[in-house]
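Visitor: I'm new to reading structures, and I'd like a close look at one part of this one. Could you pick a helix and walk me through it, with a bit of the surroundings for contrast?

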Amino acid sequence: MSNTAQTTALVTGANKGLGYEAARRLGELGWKVFVGARDADRGRAAVGKLTADGLDAVLVPLDVTSDESVADALQVVAKHTDRLDVLINNAGAPGHAVHPGEATADELHAVYDANVYGPVRVTHAFLPLLQAAENPRVVMVSSAGGAFSVVLDPEQPVSNLHELAYSSSKAALNMITVRYAKALPNIKFNAVTPGETANHTFAATDMNNHKGQLTVTQGTDSIIRMATIGPDGPTGTFEDRLGPVDW
Ligand SMILES: NC(=O)c1ccc[n+]([C@@H]2O[C@H](COP(=O)([O-])OP(=O)(O)OC[C@H]3O[C@@H](n4cnc5c(N)ncnc54)[C@H](OP(=O)(O)O)[C@@H]3O)[C@@H](O)[C@H]2O)c1
């Protein structure tokens, strides 16, 4: 274990997409980045690219749906540091956009396991390391689809997407963020969405078959902003790259 002044961050689901880009951008700041990946080969490939670019990246095998995997991930991180400055709960599952008339509890359960229980599993396990940091921050990667303001706005395309699992999981994640923020004032918890909600745009990744209008760099602007807030920064907020989003 080393005890340096270097800022440390764990990003879940960091082998590709927004998680990889967030890890890359934080690495560019000189941070030590723990690259969470549920598939070791995909994780190794991502860490290989980051380290080839001179970044300080460490592979952390981590499936957020498994208590055992999360416990093992904590051991890996704890070998390198006695504190975690930033946790980015980014890993997420889209579900299958099943019509509410057809949706089953099993379908919801699988999506909630990744998008709701996952961030809780990881946050709970890493709380002691976060509490050991001077200005700990947790970023929850949510979605505009989890905002009542968006789903109830007929101008928003997502308001016509008939599904239960994904949007309700992100709505739950938003409330979980606020509840953590209120209960644990020494840690800053903020939810972000990668798109530009007002412009109905999102970031092109595998999750949306690259139909997004924004780059992954643009998509991670809100993540990086909340990962890098200072001691006077906000907690319990929901933002995109343009600013606050109505819940
Ligand atoms: N793209 C957007 O504009 C947009 C909009 C709103 C919200 N989001 C949110 O942004 C986050 C990142 O999504 P993305 O767009 O970057 O999608 P992506 O490219 O599909 O990346 C998703 C990441 O999550 C990982 N993952 C999935 N289930 C996991 C699990 N059980 N344990 C650990 N990792 C897991 C994936 O790993 P594998 O490679 O192993 O599958 C992958 O690394 C998600 O939470 C998503 O809901 C994205």
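Guide: Let's start with a word we'll need: two residues are in contact if their C-beta atoms, placed from the backbone, lie within 7 Å. Keep in mind, too, that this is a predicted model.

Now, the big picture. The chain has 8 helices and 8 strands. Its radius of gyration is 17 Å, close to the 18 Å that the globule rule gives for 247 residues, so the chain is as compact as a globular protein of that length. Of those 247 residues, 49% count as buried.

The part to zoom in on is helix α1, which covers residues 17-28. Try a quick check on its length: at 1.5 Å a residue, the 12 residues of α1 should span 16 Å, and the end C-alpha atoms turn out to be 17 Å apart, which agrees. Just after α1 you'll find G30, with a positive phi near 95°.

Is this helix out in the open or tucked away? A residue is buried if 20 or more other C-beta atoms lie within 10 Å of its own. In α1, 11 of the 12 residues pass that test, so the helix is largely enclosed by the rest of the structure. Among the buried ones are G17, E21, A23, R24 and L26.

Take A23 and see who's around. Skipping its neighbours within four places in sequence, A23 is in contact with V11, A14, V33, V35, L50 and A57. A23 also belongs to the largest nonpolar core, a group of 65 residues, and is listed with A9, L10, V33, V35 and I88 as having the most contacts inside it. Helix α4 (residues 105-131) gives the most to this core, with 8 residues. In soluble globular proteins, nonpolar side chains tend to be buried together.

Helix α1 has a part in the ligand's surroundings as well. It supplies 3 residues to the shell around the ligand, the largest share. Of the 32 residues in that shell, G13, G17, G92, F202 and T205 come nearest. Sorted by type, the shell has 11 nonpolar, 15 polar and 6 charged residues.

For contrast, hop over to P100, in the loop between β4 (86-89) and α4. P100 has 10 other C-beta atoms within 10 Å, and 12 or fewer counts as exposed, so P100 is exposed. Even so, leaving aside neighbours within four places in sequence, P100 is in contact with H162, E163 and L164. P100 and Y166 are 66 residues apart in sequence, yet their C-alpha atoms are 11 Å apart in space.

Technical notes
Residues are numbered from 1 along each chain as its sequence is written. This is a predicted model: local features need pLDDT of at least 70, side-chain atom pairs count only at pLDDT 80 or more; totals for chains, interfaces and linings use all residues. A residue is near a molecule or strand if its C-beta atom, placed from the backbone, lies within 6 Å of it. Helices (H or I, at least four residues) and strands (E, at least two) are DSSP runs, numbered from the N terminus. Ala, Val, Leu, Ile, Met, Phe, Trp, Tyr, Cys and Pro count as nonpolar, Asp, Glu, Lys and Arg as charged, and the others, Gly among them, as polar. The radius of gyration is taken over C-alpha atoms; the globule rule is 2.2 Å times the number of residues to the power 0.38. The expected span of a helix is 1.5 Å times one less than its number of residues. A nonpolar core is a set of buried Ala, Val, Leu, Ile, Met, Phe, Trp, Tyr and Cys residues joined through C-beta atoms within 7 Å.
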